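Trainee: Could you take me closely through one part of this model, the place where the two chains meet? I would like a connected account that I can follow with the structure open beside me.

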Amino acid sequence: MVGFKEYFIKRLVYIGFTLLGISLIVFGITQLLPGNAATMILGKFATEESIQALEQQLGLNKPWYVQYTSWLADFVTGNWGQSFENNSPVIETLAAPLRRSAVLAFVTMILVSVVGISLGVLAAVKKDTPSDVVVSTASYLGISFPEFVTGILLLMLFTGPVFNVLPFGGYAPLSEGFVPWLKHLILPAVTLTFVLIAHVVRLTRSEMVDVLQSDYIRTARLKGMKERSVLLKHGLRNGLLPTITLLALDIGYLLGSIVIVEEVFSYPGLGRLIVRSIQVRDLPVIQASIMVIAIVYTFANFGADIIYTYLDPRIEYGES
Amino acid sequence: MAETKSVEFEESVLKRINRILYRLLSSRKGQLSILLLVPILLGSLFAPVIAPHDPTATGIADQFADPGGETLLGTDKFGRDLFSRVLYGGQASITLGLAATALGLVLGVPIGILSGYLGGKTDEFIMRIMDIFLSIPSLLLALLVVVSLGSGMMNAVLAIGIVFMPRLARITRSSTLSIKNEEYITAAEARGESSLYIAFVEILPSVMPAIIVEASIRVGFGILIGTSLSFLGLGTQPPNPDWGYMVSQARTTMHESIWFVLWPSLALGATILGFNLLGDALRDTLDPEVTSDEH
């Protein structure tokens, strides 16, 4: 597949340009922040001379493009600077929250795929029955409530007088045992799932409805195949392709939602770190976290494209 | 001659709008969306007339008063009237969604039409820049813009408008691409009309259906991002009510009074649901060739 290889390389080059553009946006916007880095590090009461000395040292009096290129070179080589807030290297500040967010995102994506696809298939098989209506309505409600509303309503239900079974928020590492870990993870993951699942359900349903009406499914049924194997062997395999792409695209939306959800549940992940560093104007941490998220998002999109292109022989390699 | 033409034109536009409204009102999604949105929009618009109390006045009744009694929906922890606060909060949240969508349209639609119509290298260049904006998750981009400009309603509108720009530009561009080789466009080119004239007089009306559908979905999403920013303390500033800010305040006392959380949450959910349903119903009615199904 020569075409595919060329397409793959072209996309990689294009990703390079996209990331360069993102780095410009992130750098540019954070430069607009009121008060420059020197004032932020030294505090409001620093003397004029000490601020000027630090500005000199940080290179803040150089033109923006010199500052940008040196920042970019540092970022690419893994030198992400020191956090203004606690003076430790940004990479170390990011590591643990990033890992916790990745766990939350992973559990959420599994929930979204398994529950979303199952409900979508159920709705398609039981098309126009009450189950179909219930599934479609529920998923509609999911996208209509912002993350913070869903999260707080769940907290009200499960941490208070009604069912006092889950912690109010926070995080427990796996080393403290599986059950406490799960208890802290479950509400944030369910909230994210509720928000993300609607599109998966809808797309799976509409694809499966089409597939189930197709000729080869009818043939399989006429041959006397069991309904279960018709569904699993022929239906799912053909109906799931668009859903896989959608799941990869949903990672982007998840990365935005996670900021709100982690804030609601005091889950110490990357999202909460971003909100915190915004509050204290911790510039290097803001820049690095947003870059990390943008890189993950860009590669998720790339993955979605590649999977789709590879699996679907009808697609042409080229511009959309 | 010109006069008859314009009369005919008006008639056909009126007829079209009538037909679209009729179809919208006869679809179940359309009916439901209007049932949800009309009272919410009227309530927010006429909040100063309807609200029984000043939304920021404290001590209207005891704190956490239950619904019924002196106040229709109860009071919050400062004894402020929740009904008045929900009405005024709607004004802030919905205005934010509408204004952000409007700004997104003003920025995105011209970019989309010109990019699609001019084509070639210009198109490629513009779309690459739009793609870069699309590579940062919406909420994070909005957060980034608000943080650098400062919190507040105007900056939130600007931030969400910027987030919407590339999405609206993309939809408009695809729609433009699908019609740019139609006869009436080539005829206008043959007449020697300028590119700007063709873009806004010939193309714009034809791509309107796709834009309207997308815009109605965007309003709901704009309210969602806007209230999320307010929830983080970066949107509408206290003591002015906003649904997101109200929920964030209610969070600390959620086990003392459910009403404080429940009313703004319900109002928010119903409004976004209403706009989502409206978008879907319009999509079915107007049947544009290209639409997005992303968040």
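Mentor: What follows is a walk through the contact between chain A and chain B, with a short look at the aromatic rings and at chain B afterwards.

Please keep in mind throughout that this is a predicted model. The contact draws 52 residues from chain A and 40 residues from chain B, and between them the two chains bury about 4,200 Å², with 75% of that area on carbon and sulfur atoms. On the side of chain A, the residues that lose the most area to chain B are A:Y140, A:F148 and A:M156, which together account for 15% of what that side buries.

Turning to the polar side of the interface, the count between chain A and chain B is one salt bridge, and you can find it where the side chain of A:R202 meets that of B:D280, at 3.6 Å from N to O. This pair qualifies as a salt bridge because its nitrogen and oxygen lie within 4 Å. Five residue pairs are found in polar contact across the interface, with both residues at pLDDT 80 or more. The elements of chain A that give two or more residues to the side touching chain B are α1 (2-31), α6 (130-144), α7 (147-159), α8 (178-212), α11 (241-264), α12 (270-279) and α13 (283-311), and of these α11(A) gives the most, with nine residues. Sorted by class, that side of chain A has 37 nonpolar, nine polar and six charged residues.

As for the aromatic rings, a search of the whole structure finds 14 aromatic pairs over all chains. In one pair, the rings of A:F178 and A:W181 have their centres 5.6 Å apart and their planes at 35°, so the pair is tilted. A:F178 and A:W181 are three residues apart in helix α8 of chain A, which separates them by about one helical turn, and A:W181 counts as buried at 13% relative accessibility. Elsewhere in chain A, ring pairs link A:F27, A:Y68, A:W71, A:F75 and A:W80 into a cluster.

Finally, to place the partner chain, chain B has eleven helices and zero strands, and its C-alpha trace spans about 75 × 45 × 30 Å along its principal axes. Of the 295 residues of chain B, 54% count as buried, and among its contacts between residues at least 6 apart in sequence, 73% join residues at least 24 apart.

Methods: Residues are numbered from 1 along each chain as its sequence is written. Chains are lettered from A and ligands numbered from 1 in the order in which they are written. This is a predicted model: local features need pLDDT of at least 70, side-chain atom pairs count only at pLDDT 80 or more; totals for chains, interfaces and linings use all residues. Side-chain values use heavy atoms; hydrogens and water are left out. Contact means heavy atoms within 4.5 Å. Buried area is the accessible area (1.4 Å probe) that two parts lose on being put together, summed over both. A polar contact is a pair of N or O atoms within 3.5 Å; within protein, one must be able to donate a hydrogen and the other to accept it, and residues adjacent in sequence count only if both atoms are side-chain atoms. Helices (H or I, at least four residues) and strands (E, at least two) are DSSP runs, numbered from the N terminus. Ala, Val, Leu, Ile, Met, Phe, Trp, Tyr, Cys and Pro count as nonpolar, Asp, Glu, Lys and Arg as charged, and the others, Gly among them, as polar. Rings of Phe, Tyr and Trp (its six-membered ring) pair if their centres lie within 6.5 Å; planes under 30 degrees apart count as stacked, over 60 as edge-to-face and the rest as tilted. Buried means under 20% relative accessible area, exposed over 50%, partly exposed in between (1.4 Å probe, protein chains only).
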